[in-house]
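Me: I'm in my first year and I've just opened this model. Could you take one part of it and walk me through it slowly? I'd like to look at how a helix sits against its neighbours.

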Amino acid sequence: MADNSEADHLLGRFNAESSYGAHGGGEQLPPDVADDIAGATNGDISWQSAWVWLIVAIVLEVAGTTSMKLSSGLTKLLPSILIYVLYAASFSVFPFALKRIELSTAYAVWSGLGTTLTALIGVVYFSDTMNWIKALSLIAIVGGCVLIKFSDEIEKTIEEESENR
């Protein structure tokens, strides 16, 4: 693994040699691009990779939960084993998402989307009931996840608007 001086060197070289840095009046790379370059040199992952890891963790968790249903109370061997394997795999990849995504956001998305997907699988494959209250509840869960994800941006926008008044 390289230290941060290598990342600083790469960022400085890019800004000095590129048309973005050379003709942009000394501008620096956008923060997300700079973070990805710096992360690539110190063993960190990009924010896009973190979201992919989070989606993988969610899918594995949903598969584990579905295996619970398929195990018929742990009486069927393969689904019973899959519960533990899939949950272990989910919990093993979730920390990779946490390298770049805040814990509150990652956990809200993980649990919220996991709940929503599990409920939909229950309705489609296991004949679980769906009514307007359940549907509204699932929409509220997804809406809550979206609000948590964008809460910092929303707060910043509100603060900027109040300062401009």
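Reply: Here is a close look at helix H4 and the helices it packs against, with a little about the rest of the chain around it.

A word of caution before we zoom in: this is a predicted model. The chain averages a pLDDT of 82, and 74% of the residues score at least 70. That confidence isn't spread evenly, though. Helix H5, residues 77-98, has the highest mean pLDDT among the elements, at 97, while helix H2, residues 19-22, has the lowest, at 45. Over residues 13-25 the pLDDT stays under 50, and the model has 15 contacts for that stretch beyond four places in sequence. So much for confidence; on to the layout.

The chain has 8 helices and 0 strands. If you read along the sequence, the pattern is simply α-α-α-α-α-α-α-α. There are 165 residues in the chain, and 28% of them count as buried. Now look at contacts between residues at least 6 apart in sequence: 60% of these join residues at least 24 apart.

Now for our helix. H4 covers residues 47-70, and it packs with H5 at an angle of about 160°, with the two axes 8 Å apart. How do you read an angle like that? Anything over 145 degrees counts as roughly antiparallel, and therefore H4 and H5 are roughly antiparallel to each other. Their crossing is left-handed. Sort the residues of the contact between H4 and H5 by class and you get 19 nonpolar, 4 polar and 1 charged.

To see this pair up close, find Ala-89, which sits in helix H5. Its relative accessibility is 25%, so Ala-89 counts as partly exposed. Then find Gly-64, 25 residues away from Ala-89 along the chain: the C-alpha atoms of the two are separated by 9.4 Å.

What links the two helices? There is a loop between H4 and H5, and Ser-72 is in it. Ser-72 has a phi near 50°, a positive value in a residue other than glycine. With a relative accessible area of 38%, Ser-72 is partly exposed. Leu-74 lies in the loop between H4 and H5 too. Leu-74 isn't a glycine either, yet its phi is positive, at about 65°. If you're checking backbone angles on your screen, those are two good spots to click on.

H4 has another partner to look at, H6. These two pack at an angle of about 40°, with their axes 9 Å apart. That angle is not under 35 degrees, the cut-off for roughly parallel, and it falls short of the 65 to 115 range for roughly perpendicular. H4 and H6 are therefore oblique to each other. The crossing here is right-handed, whereas the one between H4 and H5 is left-handed.

Which residues do the touching? On the H4 side they include Trp-51, Leu-54, Ile-58, Glu-61, Thr-66 and Lys-69, and on the H6 side Val-109, Trp-110, Leu-113, Ile-121 and Phe-126 are among them. By class, the contact of H4 with H6 divides into 13 nonpolar, 5 polar and 2 charged residues.

Let's pick one of those and stay with it: Thr-66, in helix H4. Is Thr-66 buried or exposed? The cut-off for buried is under 20% relative accessible area. Thr-66 has 15%, so it is buried. Leaving out residues up to four places away in sequence, Thr-66 touches Ile-121 and Phe-126.

Follow the contact across and you're in helix H6, residues 103-126, where you'll also find Thr-116. Thr-116 is buried as well, with a relative accessible area of 10%. What does Thr-116 touch, if we skip residues up to four places away in sequence? Its contacts are Leu-138, Ile-141 and Val-142.

Those numbers bring us along the chain towards H7 and H8. Helix H7, residues 132-149, packs with helix H8, residues 151-163, at an angle of about 60°, with the axes 4 Å apart. That makes H7 oblique to H8. Leu-147, Ile-148 and Lys-149 in H7 meet Ser-151, Glu-153 and Ile-154 in H8. This contact divides into 3 nonpolar, 1 polar and 2 charged residues.

To come back to where we started, H4 is roughly antiparallel to H5 and oblique to H6.

Notes: Residues are numbered from 1 along each chain as its sequence is written. This is a predicted model: local features need pLDDT of at least 70, side-chain atom pairs count only at pLDDT 80 or more; totals for chains, interfaces and linings use all residues. Side-chain values use heavy atoms; hydrogens and water are left out. pLDDT is the predictor's confidence in each residue, from 0 to 100. Contact means heavy atoms within 4.5 Å. Axes are lines fitted to C-alpha atoms, for helices over the stretch in contact, and angles run from 0 to 180 degrees between N-to-C directions. A crossing is left-handed if the near helix is turned anticlockwise from the far one by less than a right angle, and right-handed if clockwise. Ala, Val, Leu, Ile, Met, Phe, Trp, Tyr, Cys and Pro count as nonpolar, Asp, Glu, Lys and Arg as charged, and the others, Gly among them, as polar. Buried means under 20% relative accessible area, exposed over 50%, partly exposed in between (1.4 Å probe, protein chains only).
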